[in-house]
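Work through these exercises with the model open beside you. Try each task before you read its solution.

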Amino acid sequence: MSTPAANGTEHLRSRMPNPLPFLPEMAGLAEGLHKLILGSSVPQSTIRLMELRAGQILGSTYFTVRDTANLRAAGESEERITAVATWRTAPYFTDAERVALELVEAVLTPNPLGERVADELHARAAAHYDDKQLWDLVMAIAHIGFFTPAALIAKPIPGMPPGQNYHQ
């Protein structure tokens with residue numbers, strides 16, 4: 001990640017200070033979720049694409065900047081990164097990636113007409129992922145959900161690494 005002066009965020013402040021001095025136990029919870037995600041049987045590229053799509057849906061500049069940088073660092077093409085917002089019509093994604101993106105969208109988007117994750121969506125996901133992988137997708141979405149309130153309420157500074165993304 002770049003420094004504040006290099007990316008134009010030197011004047012930005014988070015709404016709240018770093019949570020760890022107030023909630024030191026949070027570090028252990030976050031570390032456990034990170035380990036689950038890193039040990040996932042689902043490709044890390046799929047999880048990173050899901051994270052970016054979640055940031056876009058949530059309207060979180062922090063998530064979107066962070067996850068775009070993570071995808072670039074992992075060697076993802078600019079076409080795939082920029083097409084996440086239009087994944088349904090973009091030619092850059094596998095069917096398995098598409099159903100993972102659809103799952104994260106379904107979980108994060110209210111559906112006034114019924115269930116967020118319909119049986120049909122679950123069946124399509126199960127056609128691409130075994131039970132372990134489905135649980136890994138659930139945990140990837142849970143990981144996103146764990147950090148969503150902090151991203152939306154505390155508003156960490158975009159482009160700053162963890163530990164430096166909150167004002168002092």
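**Exercise 1. Place Arg88, then decide whether Arg88 is buried or exposed.**

Solution. Start with the location. Arg88 sits in the loop between α5 (78-83) and α6. Helices here are DSSP runs (H or I, at least four residues; strands are E, at least two), numbered from the N terminus.

Next, the accessibility. Buried means under 20% relative accessible area, exposed over 50%, and partly exposed in between, with a 1.4 Å probe and protein chains only. Arg88 has a relative accessible area of 52%, so Arg88 is exposed.

Now the partners. Contact means heavy atoms within 4.5 Å. Leaving aside neighbours within four places in sequence, Arg88 is in contact with Arg98, Glu102 and Glu105.

Last, a distance. Arg88 and Arg116 are 28 residues apart in sequence. Their C-alpha atoms are 17 Å apart in space.

Before you go on, note the ground rules. This is a predicted model, with residues numbered from 1 along each chain as its sequence is written. Local features need pLDDT of at least 70, side-chain atom pairs count only at pLDDT 80 or more, totals for chains, interfaces and linings use all residues, and side-chain values use heavy atoms, with hydrogens and water left out.

**Exercise 2. Find the confidence of the model and the stretch below 50.**

Solution. pLDDT is the predictor's confidence in each residue, from 0 to 100. The protein averages a pLDDT of 92, and 94% of the residues score at least 70. Over residues 1-5 the pLDDT is below 50. Beyond near neighbours in sequence, this stretch has 13 contacts in the model. Where pLDDT is low, the predicted coordinates should not be read in detail.

**Exercise 3. Describe how α3 and α4 pack.**

Solution. Take the geometry. Helix α3 covers residues 44-58 and helix α4 covers residues 61-73. They pack at an angle of about 160°, with their axes 8 Å apart. Axes are lines fitted to C-alpha atoms, for helices over the stretch in contact, and angles run from 0 to 180 degrees between N-to-C directions.

Then name the arrangement. Under 35 degrees counts as roughly parallel, over 145 as roughly antiparallel, 65 to 115 as roughly perpendicular, and the rest as oblique. Therefore α3 and α4 are roughly antiparallel to each other.

Next, the hand. A crossing is left-handed if the near helix is turned anticlockwise from the far one by less than a right angle, and right-handed if clockwise. The crossing of α3 and α4 is left-handed.

Finish with the residues. Leu49 and Leu52 are among those on the α3 side, and Phe63 and Leu71 among those on the α4 side.

**Exercise 4. Compare the contacts of α3 with α6 and with α8.**

Solution. First α6 (residues 95-108): α3 packs against α6 at about 35°, with axes 9 Å apart. This crossing is right-handed. The α3 residues include Met50 and Ile57, and they meet α6 residues including Leu101 and Val104.

Then α8: the angle is about 35°, with axes 10 Å apart. α3 passes α8 in a right-handed crossing. Ile47 and Met50 are among the α3 residues here, with Ile141 and Leu152 among those of α8.

**Exercise 5. Where does Asn18 lie, and what does Asn18 touch?**

Solution. Asn18 is in the loop between α1 (4-7) and α2 (25-38). Its relative accessible area is 18%, so Asn18 is buried. Not counting residues up to four places away in sequence, Asn18 touches Gly163, Tyr166 and His167. The C-alpha atoms of Asn18 and His167 are separated by 6.9 Å, though these residues are 149 apart along the chain.
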